[in-house]
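Hi,

Here is the structure I promised to send you. Have a look at it first, then read on for my notes on what turned up.

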Amino acid sequence: MKTFLIIAGMLIATIGLAQVKTTEMTDESGNKQFSEYSENGKLNDVITIEDGIVTVVYYTYHDNGELASIKCFRDKQQHGTWWIYDESGIATAMANYDNG
């Protein structure tokens with residue numbers, strides 16, 4: 001519950017700093033997913049809470065609007081596949097993490 005409150009506080013603080021759109025979905029099991037979009041409609045992050053485990057996927061972009069990276073964390077540790085892209089949108093690096 002504490003983690004959920006921290007995540008919710010981060011979302012509220014982010015909304016106050018910039019014009020963003022946040023969506024929230026809850027499935028039949030009570031798992032939650034929050035998606036946050038920037039002013040230009042690009043996806044910034046997706047926060048999923050399943051069975052008390054928080055997973056966050058961050059998306060960053062180059063100044064030209066092309067995707068720069070996709071990074072995932074589970075319970076505050078690097079997790080999953082991370083991708084780095086050049087300014088033309090071509091993947092230049094990939095790394096896999098398993099709970100850090």
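**Notes on the model**

T55 touches V46, I47, T48, C72, F73 and R74, leaving aside residues up to four places away in sequence. Before you read too much into that, keep in mind that this is a predicted model. T55 has its place in strand β4, which covers residues 53-61. Is T55 buried or exposed? Its relative accessibility is 17%, and since buried means under 20%, T55 counts as buried.

Now for the overall layout. The chain has one helix and eight strands, and from the N terminus on the order is α-β-β-β-β-β-β-β-β. So what share of the 100 residues is buried? The figure is 25%. The accessible surface of the chain is about 6,600 Å², and carbon and sulfur atoms make up 53% of it. On contacts, take those between residues at least 6 apart in sequence: 8% of them join residues at least 24 apart.

**A second buried residue**

S35 is worth a look alongside T55. S35 lies in strand β2, residues 32-37, and with 5% relative accessibility S35 counts as buried. Which residues does S35 touch, not counting those up to four places away in sequence? They are K21, T22, T23, L43, D45 and V46. You have met V46 already, in the list for T55.

**How some strands pair**

Try following the strands near the end of the numbering. Strand β7 (residues 80-85) and strand β8 (residues 91-97) run antiparallel, and six bridges join them. One bridge to find on screen is W83 in β7 with its partner M94 in β8. β7 and β8 form a hairpin with five residues between them. In that turn, G89 has a positive phi of about 90 degrees.

β7 also pairs with β5: two bridges join β5 to β7, and this pair runs antiparallel too. Here I84 makes a good landmark. The bridge partner of S69 in β7 is I84, and the bridge partner of I84 in β8 is A93. If you colour S69, I84 and A93, you can step from one bridge to the next. As you do, remember that in a regular strand the side chains alternate between the two faces of the sheet.

**Aromatic rings**

How many aromatic pairs does a search of the whole structure find? The count is four. One of them is F73 with W82, an edge-to-face pair with 5.3 Å from centre to centre and 65 degrees between the planes. That angle is why the pair gets its label, since planes over 60 degrees apart count as edge-to-face. The two partners sit in unlike surroundings: F73 is partly exposed at 26% relative accessibility, whereas W82 is buried at 11%. Y58, F73, W82 and Y97 form one aromatic cluster. F73 should ring a bell, as F73 is also among the residues that T55 touches.

**The salt bridge**

The count of salt bridges comes to one. Which side chains meet in it? They belong to E24 and K32, with 3.4 Å from N to O. That distance qualifies because the cut-off is within 4 Å. E24 is partly exposed, with a relative accessible area of 47%, and K32 counts as partly exposed at 24%.

**Two loop residues with positive phi**

Most residues other than glycine have a negative phi. That makes the next two worth clicking on. D51 is not a glycine, but has a positive phi of about 50 degrees. Where is D51 found? D51 is in the loop between β3 (43-50) and β4, and D51 is exposed, with a relative accessible area of 74%.

K76 is the other one. Phi of K76 is near 70 degrees, a positive value in a residue other than glycine. K76 is in the loop between β5 (67-74) and β6 (77-78). Is K76 buried or exposed? K76 is exposed, with a relative accessible area of 77%.

Have fun turning it around!

Cheers

Definitions and conventions:
Residues are numbered from 1 along each chain as its sequence is written. This is a predicted model: local features need pLDDT of at least 70, side-chain atom pairs count only at pLDDT 80 or more; totals for chains, interfaces and linings use all residues. Side-chain values use heavy atoms; hydrogens and water are left out. Helices (H or I, at least four residues) and strands (E, at least two) are DSSP runs, numbered from the N terminus. Buried means under 20% relative accessible area, exposed over 50%, partly exposed in between (1.4 Å probe, protein chains only). Contact means heavy atoms within 4.5 Å. Accessible areas come from the Shrake-Rupley method with a 1.4 Å probe; for residues, only the protein chains shown count as cover. Rings of Phe, Tyr and Trp (its six-membered ring) pair if their centres lie within 6.5 Å; planes under 30 degrees apart count as stacked, over 60 as edge-to-face and the rest as tilted. Two strands pair if DSSP finds at least two bridges between them.
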